[in-house]
Amino acid sequence: MHENFKRILVTTDFSESGDHAIGHAFRMAADHGAELILCHVIETVIAPNPLYAHYYPADLLNPELQAHAEKEAADALLERAPQEEPLAAVPHTTLVVHGSPAEEIMRTARDHEVDLIVIATHGRTGLKHLLMGSTAERVIRHVHCPVLVVR
């Protein structure tokens with residue numbers, strides 16, 4: 001069965017894996033004539049998890065710091081959009097949200113009526129996977145649409 005994707009959501013944590021997922025998402029959007037949403041979730045936590053270096057400090061609840069973090073993330077998303085044709089022609093928007101990554105990815109997909117989610121996995125196994133859980137795995141289990149996991 002051939003899917004026709006009209007709206008694709010790609011999420012990134014600004015890692016190399018996340019950048020790889022963005023490349024895949026732009027190519028798929030170009031192939032399907034789809035619109036792309038580039039999304040980053042700013043995870044707000046009370047105590048940082050030493051296993052994951054991209055957590056933002058809890059003082060991001062300060063509105064000025066929050067606005068600054070959102071602008072930095074939005075700029076970083078825009079920097080990752082392809083600049084050369086034909087991929088530069090893919091219609092795309094950026095979205096920065098706050099909360100639990102899996103929950104926010106699923107909510108965003110639902111709210112924006114997304115047909116496909118492209119998400120990176122770091123390929124963690126064993127203890128690290130057990131301790132931090134897998135955002136990709138949680139999304140796959142609970143979301144309404146297909147998910148392409150890019151390793």
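User: Buried means a relative accessible area under 20%, whereas exposed means over 50%. With that cut-off in mind, is Cys39 of this predicted model buried or exposed?
Analyst: The structure is a predicted model, and what follows should be read as describing that model. The relative accessible area of Cys39 is 0%, which is under the 20% cut-off. Cys39 is therefore to be classed as buried.

User: What is the relative accessible area of Cys145, and how many disulfides does the structure hold?
Analyst: Cys145 has a relative accessible area of 11%, and because this is under 20% the residue counts as buried. A disulfide would require a pair of cysteine sulfur atoms within 2.5 Å. Counted in that way, the number of disulfides in the structure is zero.

User: In what order do the helices and strands of the protein run from the N terminus on?
Analyst: The protein contains five helices together with five strands. Among them, β1 spans residues 7-11 and β2 residues 35-42, while the loop between β1 and α1 (16-32) holds Phe14. Read from the N terminus on, the order of the elements is β-α-β-α-β-α-β-α-α-β.

User: What share of the contacts with a separation of 6 or more joins residues 24 or more positions apart?
Analyst: The protein has 151 residues, of which 39% count as buried, and its accessible surface of about 8,600 Å² belongs to carbon and sulfur atoms for 53%. Among contacts with a separation of 6 or more, the share held by residues 24 or more positions apart is 74%.

User: How are α3 and α5 oriented towards each other, roughly parallel or oblique?
Analyst: Helix α3 (residues 101-111) packs with helix α5 (residues 135-142) at an angle of about 40 degrees, and their axes lie 9 Å apart. Since angles under 35 degrees count as roughly parallel and 65 to 115 as roughly perpendicular, an angle of about 40 degrees falls in neither class, and therefore α3 is to α5 oblique.

User: Which residues of α5 meet α3, and what handedness does the crossing of α3 and α5 have?
Analyst: The crossing of the two helices is right-handed. On the α3 side, the residues concerned are Pro101, Ala102, Glu103, Ile105 and Met106. Pro101, Ala102, Ile105 and Met106 also appear among the buried residues of α3, whose cover includes β1, β2, β3 (92-98), β4 (116-120) and α5. The residues of α5 that they meet are Thr135, Arg138, Val139 and His142.

User: Phe14 and Glu113 each have a positive phi; which of them is exposed?
Analyst: Phe14, in the loop between β1 and α1, has a phi near 70 degrees, and because its relative accessibility is 18%, under the 20% cut-off, it counts as buried. Glu113 takes a phi of about 50 degrees just after α3, in the loop between α3 and β4. With a relative accessible area of 59%, which is over 50%, the exposed residue is therefore Glu113.

User: Which peptide bond is cis, with omega near 5 degrees?
Analyst: The bond in question involves Pro86, a residue found in the loop between α2 (63-79) and β3. The cis peptide bond is the one that runs from Glu85 to Pro86.

User: What separates the C-alpha atoms of Ala69 and Val96?
Analyst: Ala69 lies in helix α2, and because its relative accessibility is 6%, it counts as buried. Val96 stands 27 residues away from Ala69 along the chain, yet the separation of their C-alpha atoms is 9.4 Å.

Methods
Residues numbered from 1 in each chain as written. Predicted model: local features only at pLDDT ≥ 70, side-chain atom pairs only at ≥ 80, totals over all residues. Heavy atoms only, no water. Helix = DSSP H or I, 4+ residues; strand = E, 2+ residues; numbered from the N terminus. Buried < 20%, exposed > 50% of the residue type's maximum accessible area, 1.4 Å probe, protein only. Contact = heavy atoms within 4.5 Å. Areas by Shrake-Rupley, 256 points an atom, 1.4 Å probe, with all protein chains shown as cover. Axes fitted to C-alpha atoms, helices over the stretch in contact; angles between N-to-C directions. Parallel < 35°, antiparallel > 145°, perpendicular 65-115°, else oblique. Left-handed = near helix turned anticlockwise from the far one by under 90°.
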